[in-house]
Amino acid sequence: MTDSTHPLPNDIPQVQMQGWGHYLRFSTDHKVIGVQYLFTTFLFFLMAGLLAMIIRAELLTPASNVVDRPFYNGLFTLHGTMMIFLWVIPSLVGLANYLVPLMIGADDMAFPRLNAIAFWILPPAGLLLVSSFFLPHGSAQAGWWSYPPISLQLPSGQPINGEVFWIVSLFLIGVSSIMGGVNFITTIVWMRAPGMTFFRLPIFVWTVLSAQLLQLFCLPALTGALILLFFDLALGTHFFDPLENGDPIIYQHLFWFYSHPAVYVMALPAFGIFSEIIPAFSRSPLFGYRSVALASFGIAVVSVTVWVHHMFASATPGWMRLLFMASSMLVAVFTGIKVFAWTATVWKSKLHLETPMLFALAGVVMFVFAGITGVMLAAVPFDLHVNNTYFVVGHFHYVVYNTITMAIFAAIYYWFPKITGHLYSEGWGKLHFWLTLVGANLAFFPMHPLGLQGMVRRISSYPPEYQSWNVVASLGGFLLGVSVLPFIANIIVSWMSGLPAPRNPWHATGLEWATTSPPPEKNFDETPVVRRPPYDYGDPKVTVTEGQNS
Amino acid sequence: MRHIPLDERPIRYDRWIDRLPRWLQRFLPKGGGTAKDHHGKGMFGVTVFLLSESVVFLSLIFAYSALKATTADWLPAGVKGPEVSTFVVINTVVLLSSSAVIQLAERAIKKERLTRFRLLWSLTVLMGSYFLVGQAIEWSQAEFGLRTSIGSSAFYVLTGFHGLHVLVGVLLQLTMLGRSLIPHNYDDGHFGINATTLFWHFVDALWVVLFTIIYVW
């Protein structure tokens, strides 16, 4: 045990990369599983991005002239499904897998084997979904909501069709997510190091806790809906078939009871990432730590009560519309608390604009924009006007790409030295940032004016007056495709031959920086003891813990 | 605080947990070395999982209730629907009383009375299997099939999904019974038995809800 008032030894690690092989094997080490998640989900991100670029190629011209209509339907269906269920949610699970045990001072997750099984369900489930493109009648075509009766009418009539693949794949991903949720909650509640009280947890851990609680108590509703949809599709029942006394609205309720909170399953960890990175690069403590921590729970609780705002146009009674309009707007109060806290953290401090900080700041600014359009959409009269138009598409791309995916990139850069033991190239990182920032805004901003003009989503041909904005959006989309190339190059080259990373390259607080880069198999040589509050930047004796080897 | 050297500060723990009701405190360790408590960790995980699993049932029950409340032709005219009969009541009583039996079995293993445990545990297996066989007989004698109407489909999905859970429970019980024959199996505690018992109570409690909405409503 060292004298903990000395600054952290920023030594070069003795632990060397053990080669790539262990990332391809069944491992119960949460760090290996975290990287496996990130790598796998990034591959699905690239595939889903490719689908988006075919969509944007089709939308370059008003005529439907690139792909045929059923294939186009499959493109946007699988683009949405894959981006949400195989990129955003599981990549954040991967980050959480890597970081949560390190941040709370544990040697692994609570149930390491369950953790590994949860991951290994994901690749086959994803491949099942992708493989449905090669079925005789193509993939699922009913959009990522898979609303009946369309999802029941479009399949080919054969027992094996794209829709069945979609249901089975989502069911498997759901099983994996529940396993992960049980594991995260138990880990955070039971595995904290001595002195790591709830109100000393890094905000990222708070957001993972609230997001995983949402997974646990909302995702089962989707599972229930999928079971009934499967019976309708494959076994000839009529739960959702209006012609046979069934009720498709019940599916919509069950679907959105999960899929709205799913937005916060994705957004909350992104907020957590912002809350880690912004203090570290402002060199000042996070403003209003307790409020930010509790706001995560506020968001989680309120988000369970807003799902009907996706169904304002689905013959929803007036009182319900009013109620859900009010609750939807309430979400802005809690997200507002967070945005103000980040602003106050940055306020009057000297900013260090390295790549993670650039991604985080841009993500926060674009999140404010997404939040404003979100409140607009929560208002019933406006929502009924732009329902099913590109305005909605623009809004949620500002959420899932311009906010959450930016946060994921910020996190990958920020923790890259910890994960790999190497420093990444700052120049390539900044190139990636600027290409992404320009590409994302070019691609997704034009969707707002298009939606206001009345362009409906999910169409492959459109009136010629919409063309100019569509060309801008398509060029932005292609630029986004290009923007990942410097990222990939940076990751590969830096991992193989980057400069060795010290324990704490950012001089950040947080237990994960108190161990070597990359951490040893059991994370800490001795169980750390926490005696300080989180984010105590500005203290000249920044020491995080005692009990590490010097 | 500022003048006390860092490593002489007392290690804090979550004092607010002390003010919570005692049953809730069992689920919230106060931090500090609790990672070694494998039993507490495991039971916490199982409890969280069961709460999550109950939402799947809730969503199916929601669909069942919403359809039953609004659908015109719940069951075709002249078809006898599921109703409270002696057969169903006996089946229900057997399943519910098996919860008491498994509780006694759990208490027996706590007191390390292994033979008594095996007897009571086997009795639970028998009672669970009796329920499953009874359910199968009920299915085969029903006047309606899966596709007859919305009501009949909902009946089969709900009872089938619950029956699947009963089956899993019985299989878990058989696994634990097999393990109890291994010498020194319980030297490190009996988490598996406690978890299976909790799962079994969950399955039984669900049946009370399902029985009410399927047979009584």
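**Note on helix packing and the A–B interface**

1. Helices H7(A) and H12(A) lie oblique to each other, because their angle of about 45° falls outside the ranges counted as roughly parallel, antiparallel or perpendicular. The model under discussion is a predicted one.

2. In chain A, H7 spans residues 248–282 and H12 spans residues 390–420; their axes are 9 Å apart where the two helices pack. The crossing of H7(A) past H12(A) is left-handed.

3. On the H7(A) side, the contact is formed by A:Val263, A:Met266, A:Ala267, A:Ala270, A:Ile273, A:Phe274 and A:Ile277. H12(A) contributes A:Val399, A:Val400, A:Thr403, A:Ile404, A:Ala407, A:Ala410, A:Ala411 and A:Tyr414. By class, 14 of the residues in this contact are nonpolar and one is polar, with no charged residue.

4. Between the chains, 43 residues of chain A are in contact with 39 residues of chain B. On the chain B side, the elements giving two or more residues are H2 (38–70) and H5 (150–180). Of the elements of chain B, H2(B) gives the most, with 16 residues.

5. The side of chain B that touches chain A comprises 20 nonpolar, 11 polar and eight charged residues. Charged residues are thus present on that side of chain B, whereas the contact of H7(A) with H12(A) has none.

6. Helix H6 of chain B, residues 191–216, contains 26 residues. From first C-alpha to last, H6(B) reaches 37 Å, close to the expected 38 Å. A kink of about 25° is nevertheless found in H6(B), with its centre on B:Leu210.

Conventions
Residues numbered from 1 in each chain as written. Chains lettered and ligands numbered in written order. Predicted model: local features only at pLDDT ≥ 70, side-chain atom pairs only at ≥ 80, totals over all residues. Contact = placed C-beta atoms within 7 Å. Helix = DSSP H or I, 4+ residues; strand = E, 2+ residues; numbered from the N terminus. Nonpolar A, V, L, I, M, F, W, Y, C, P; charged D, E, K, R; others polar. Expected span 1.5 Å × (residues − 1). Bend = angle between axes of the 7 residues up to and from the residue. Axes fitted to C-alpha atoms, helices over the stretch in contact; angles between N-to-C directions. Parallel < 35°, antiparallel > 145°, perpendicular 65-115°, else oblique. Left-handed = near helix turned anticlockwise from the far one by under 90°.
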